Amino acid sequence: MDASMMGKRITIVTMVALLISGPTFAEPQTTESPHIVFIMADDMGLNDVGFHGSNQIPTPNIDALAYDGIILNRHYSAPMCTPSRAALMTGRHPMNVGMQHYVIDSDEPWGLGLQEKLLPQYFREAGYRTHLIGKWHLGFYAEPYLPTNRGFDTHIGYLGPYIDYWSYISKMDSATFEGYDLRQNLAVNYKPNGTYATDYFTEAAVEIIRSHNRTGERMLLVLNHLAPHTGNDDAPLQAPEETIEKFAYIRDTDRRTYAAMMSKLDDSVGQVYRALQQHGMLENSIIVFISDNGGVTRGMHSNSGSNYPLRGQKHSPWEGAVRTAALIWSPLLKDRQRVSNQWFHISDWLPTLASAAGIPAYRGDNLSDIDGIDQWEALAYGTGNPRQRVMNNLDEIFGYTSYVDNGLKYVNGTTLDGVNDGWYGAIDDTDTLPSNAEYLRTVMASHVGRLTKPDEKVVSYLREHARIDCGNDIGNRDCNPLRRPCLFDIINDPCEMHDLFERYPDKVRQIQERVEKYRLRAAKPRNRPHDPAADPSKFGGVWNWWRTDPSRSDLNAAADEAHPIPPPSHSLPKDTQLIVIIPIVVLCVIFVIGTLIYLSNKNVIKLCRRRTKQSSANMPSEIPTTSHETTTTGSSATAGGAGGKPNPTEAVFSSNIYVISDRDMDR
């Protein structure tokens, strides 16, 4: 038997064994569990890394890592920061843990439920040392919600949504509150002293790697960068001036600063990689790099990020919000240097990384505890596509659904009346961009490139296959989800330009049935309104937890008393709503008037019956009469006239009135 046949036989035996044994995780590929380094960018556009084909912003370390690893070309997240991070930490969909609606502002008293078991808890139970650097953004109004009380051994970073890159001050738009937001575990951390945030977080990561080299302990390091998210509104885009000057060829000044922010982020990835190599940990490490959601080209917290040519941006149901740049690198991956088109949701990372480390992340046989799918074997060996459906989000408060089923994407409703529904972030044609040769030289000269030594032909091939191709120039959109749902073939139409709603009505109905099941089992959003007690001025100008420790009963009560869900946003625009509502109101008025007239006439008829009862015995009448006997229970008397014959018109006035109930209407 030759080697290829033997390999196929082993693969078949392995698959059969997995089917028989049920949904368990694969065994780790080494005698020692691997170190896990998970790096997350904040609000980074899909088109803002070089491995997707653009030369405008060189990201040589990130790109070299992608070319030597696996480019995840269909990696999906939630469309905003807090929901994405909740999915990553729990392995569950945000709508199943009440985190599907919007984000947590620093002065809001809510967070990811304490009953949820988080990623670092699984790893710590397995003997890992667990570390978080940078952004938390899953609630801190009470001390039990802090990351060091949720499974992380250490935390160096900030608790809220964003900070200034130099001063670490965070200003909330919801109020006039502002305060310092940087911690080392529970203590306020003043060490940076004006150090650029990306550099400071990188230094902290390198120091943790150095400490693990000395102790030999397994390491889970989650590095949640601030970059390239904006800072406060008064100075949203910030980078060192000497880095900004490197991108003088970009005419747009905001985009130029954004490129510098991305360049510092790329430097960070290179330094982390080099630290792992210098301290002998690289050969048994897994590195993941993703963005939490799409970039923000326009509007609130705009950083000029580009998701082009995808439609939409952060805080929308479109691909530009939920399809993010992502890669995984590790010597443990047996099938590397490729572009993977398998569907991957951010909730899959917990079971996938746990599988790689040999950690059982399912509690018993109850699969409902984890929504994510273990994709480690599919990644490591290229054995297929375990996931076929992706629920991007279902938000009943904003009133929209974004869902992918076997390559067909269903969009019903949208956010902010559709202001984020276009195509944004096209590269300025007047910019003189680096050539492909220059781009390749930067990749080869990077920290990662010098070690991985990517082949020029491999780089060209992977870039071409990772590039998003819409097939033709973007034209006018032909579907408005505020008027009716839209359906797209997201594989052949990744830019969501060609609506298939009317072509596949049966498929639409099937998807709607599945979406309804998601909706019925969704948890109530945990959002709470702003709390004046959170004012940092009450805590020496520092963002701090401001409520006492909630007990378990308090948590349950908080979930039950969470901010009431208002009615879903109407699926019709305001002008169309008026066209529909006015005729309905007119019909209701006519119905009420008709009912009043009917009741009035009925009373007149009864009065006339009494007055003419005796005089009409021997003469015909246009108004039917009713004898008193007919109203007596159990009487056998006849009604209507002489001879005891019933009056044929009597039934008109004595017939029952049938009311159609809501239950009948629903059938």
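# Why these labels apply

User: Why is Tyr 180 called buried?
Analyst: In this predicted model, Tyr 180 has a relative accessible area of 10%. Buried means under 20%, so with its 10% Tyr 180 earns the label.

User: And how many aromatic pairs are counted?
Analyst: The count comes to 20 aromatic pairs. One of them joins Tyr 180 and Tyr 190, with ring centres 4.9 Å apart and planes at 25°.

User: What makes the pair of Tyr 180 and Tyr 190 stacked?
Analyst: Two values decide it. The centres must lie within 6.5 Å for a pair, and 4.9 Å meets that. Planes under 30 degrees apart count as stacked, and these stand at 25°, so the pair is stacked. The pair links distant parts of the chain, 10 residues apart: Tyr 180 is in strand β7, while Tyr 190 is in the loop between β9 and α5.

User: Is Tyr 190 buried or exposed, and how do you know?
Analyst: Tyr 190 has a relative accessible area of 53%. Exposed means over 50%, so Tyr 190 is exposed.

User: What is the label for the rings of Phe 344 and Trp 349, and why?
Analyst: Their centres are 4.4 Å apart, so the 6.5 Å limit is met. Their planes are at 45°. Stacked needs under 30 degrees and edge-to-face needs over 60; 45° meets neither condition, so the pair is tilted. Both Phe 344 and Trp 349 are buried.

User: Which residues do ring pairs link into a cluster?
Analyst: The cluster holds Tyr 158, Tyr 168, Tyr 180, Tyr 190, Tyr 200 and Phe 201.

User: How do you know that Asp 292 and Arg 85 meet in a salt bridge?
Analyst: The N to O distance between their side chains is 2.9 Å. The rule asks for a Lys or Arg nitrogen within 4 Å of an Asp or Glu carboxyl oxygen, so 2.9 Å qualifies.

User: What does the pair of Asp 292 and Arg 85 tie together?
Analyst: Asp 292 lies in the loop between β11 and α8, and Arg 85 lies in helix α3, so the pair ties together parts that are 207 residues apart in sequence.

User: Are Asp 292 and Arg 85 buried or exposed?
Analyst: Asp 292 has a relative accessible area of 0% and is buried. Arg 85, at 3%, also counts as buried, because both values are under 20%.

User: How do you know that Asp 405 forms a salt bridge with Arg 514?
Analyst: Their closest N and O atoms are 2.5 Å apart, and the limit is 4 Å, so the pair counts. Asp 405 belongs to strand β17 and Arg 514 to helix α14, so the bridge ties together parts 109 residues apart in sequence.

User: Why is Arg 514 called partly exposed?
Analyst: Arg 514 has a relative accessible area of 26%. That value is between 20% and 50%, so the label is partly exposed. Asp 405, by contrast, is buried at 0%.

User: What makes Asp 506 and Arg 509 a salt bridge?
Analyst: The closest N and O atoms are 2.1 Å apart, which is within 4 Å, so the rule is met. Both residues lie in helix α14, three residues apart, about one turn of the helix.

User: Which residues do salt bridges that share partners join into one network?
Analyst: Asp 42, Arg 85, Lys 135 and Asp 292 form that network. By the salt-bridge rule the count comes to 29.

User: What makes Arg 463 lie over the face of Tyr 439?
Analyst: Arg 463 is 3.8 Å from the ring centre of Tyr 439. The distance limit is 6 Å, so 3.8 Å passes it. The charged end of Arg 298 sits over the ring of Tyr 424 at 5.7 Å from its centre, which is also within 6 Å.

User: What is notable about phi of Gln 337?
Analyst: Phi is near 55°, a positive value in a residue other than glycine. Gln 337 is in the loop between β13 and β14. At 42% relative accessibility Gln 337 counts as partly exposed, because 42% lies between 20% and 50%.

User: What is the phi of Asn 406, and where does this residue lie?
Analyst: Asn 406 has a positive phi of about 50° although it is not a glycine. Asn 406 lies in the loop between β17 and β18.

User: Which peptide bond leading to Pro 228 is cis?
Analyst: The bond from Ala 227 to Pro 228 is cis, with omega near -5°. Pro 228 lies in the loop between β10 and α6. The bond from Tyr 308 to Pro 309 is cis too, with omega near 10°, and Pro 309 is found in the loop between β11 and α8.

Technical notes
Residues are numbered from 1 along each chain as its sequence is written. This is a predicted model: local features need pLDDT of at least 70, side-chain atom pairs count only at pLDDT 80 or more; totals for chains, interfaces and linings use all residues. Side-chain values use heavy atoms; hydrogens and water are left out. Helices (H or I, at least four residues) and strands (E, at least two) are DSSP runs, numbered from the N terminus. Buried means under 20% relative accessible area, exposed over 50%, partly exposed in between (1.4 Å probe, protein chains only). Rings of Phe, Tyr and Trp (its six-membered ring) pair if their centres lie within 6.5 Å; planes under 30 degrees apart count as stacked, over 60 as edge-to-face and the rest as tilted. A charge sits over a ring if NZ of Lys or CZ of Arg is within 6 Å of the ring centre and within 35 degrees of the ring normal.
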